[in-house]
Amino acid sequence: MARVLLFGRLRDVAGWRERDLDLSSLFALRDALAAEDAALGEALFAPGVQAAVDKALVRGDASLSAASEVAFLPPMSGG
Amino acid sequence: MVRLQEEPFDAGALLTAFTEGRRETGAVVSFTGYVRAEAGTVETLELDAYPGFTDTAIEAMAQEAQSRFGLQDVLVVHRTGRMGPGEAIVFVAAAAAHRRAAFEAADQLMDYLKSRAPFWKKSHGDGGGRWIEPSAQDYEDAKRWDAPPETTPSESS
């Protein structure tokens, strides 16, 4: 079970901010979210949206373990 | 030190505590940022942070400023959650032996915080909610610090 966290506008689009999903890679996880919610899928693939696994930004795919925490981060607003 | 908190803070009290017992400090510069009402269009500001990620990123900014300007100490307090116009949202203080380093460090830290800190900001007002991104000016302000300032005068001058 990877824990999935959404931030900023992604939360509003999805209507949730935290969920547990059982998937073994970041891309598979993102595809699964997009398949079940087209609006969220569009938002996740929008320019400037980054992903972090266990609080570190990742580029490209990453494997996930049961204890992984995945965060999808829209463009940051600054403080 | 970097602290994220939902509770309001008293900038005066933070500054008093920060300046206590500094026998080798010649300069403390502090900055307090407030939520603007924007002519009544902003009723509340909502700041979303990622605990363990946002504070780590700000800690890196603080450490960079500390080593770049030779600071003795630095403090960043940032609020998250909902706050209203007139409330303090960010406090930065820099302590150094001399004033220039303290001024510049506080300036750089604020420019970085405003453009690069991992926050997601939403304003709530008349027209509902609106997610905010940094302004072009915010990005330009932050770029000033990316290249070290030219310290050697060119031969022609």
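Me: Why are H2(B) and H3(B) called roughly antiparallel to each other?
Reply: In this predicted model, helix H2 (residues 54-69) of chain B and helix H3 (residues 99-116) of chain B pack at an angle of about 155°. Angles over 145 count as roughly antiparallel, so the pair gets that label. Their axes are 10 Å apart, and the crossing is right-handed.

Me: Which residues make the contact of H2(B) with H3(B)?
Reply: H2(B) brings Ile58(B), Met61(B), Ala62(B), Ala65(B) and Phe69(B). From H3(B) come Ala101(B), Glu104(B), Ala105(B), Gln108(B), Leu109(B), Tyr112(B) and Leu113(B). By type, that's ten nonpolar, one polar and one charged.

Me: What makes S2 and S4 of chain A the edge strands?
Reply: Each pairs on one side only. The open sheet has five strands in the order S2-S1-S5-S3-S4 (chain A), with mixed pairing. From one strand to the next, the twist averages 30°.

Me: How do you know that S3 of chain A pairs with S4(A)?
Reply: Pairing takes at least two bridges, and three bridges join strand S3 (residues 50-53) of chain A to S4(A). The two run antiparallel, and Ala51(A) stands opposite Val58(A) in S4(A).

Me: How many residues does each chain put into the contact between chains A and B?
Reply: Chain B gives 20 residues and chain A gives 13 residues. On the chain B side, H3, strand S7 (119-125) and strand S8 (128-132) each supply at least two residues. H3(B) has the largest share there, with four residues. That side divides into eleven nonpolar, three polar and six charged residues.

Conventions:
Residues are numbered from 1 along each chain as its sequence is written. Chains are lettered from A and ligands numbered from 1 in the order in which they are written. This is a predicted model: local features need pLDDT of at least 70, side-chain atom pairs count only at pLDDT 80 or more; totals for chains, interfaces and linings use all residues. Axes are lines fitted to C-alpha atoms, for helices over the stretch in contact, and angles run from 0 to 180 degrees between N-to-C directions. Angles under 35 degrees count as roughly parallel, over 145 as roughly antiparallel, 65 to 115 as roughly perpendicular and the rest as oblique. A crossing is left-handed if the near helix is turned anticlockwise from the far one by less than a right angle, and right-handed if clockwise. Two residues are in contact if their C-beta atoms, placed from the backbone, lie within 7 Å. Ala, Val, Leu, Ile, Met, Phe, Trp, Tyr, Cys and Pro count as nonpolar, Asp, Glu, Lys and Arg as charged, and the others, Gly among them, as polar.
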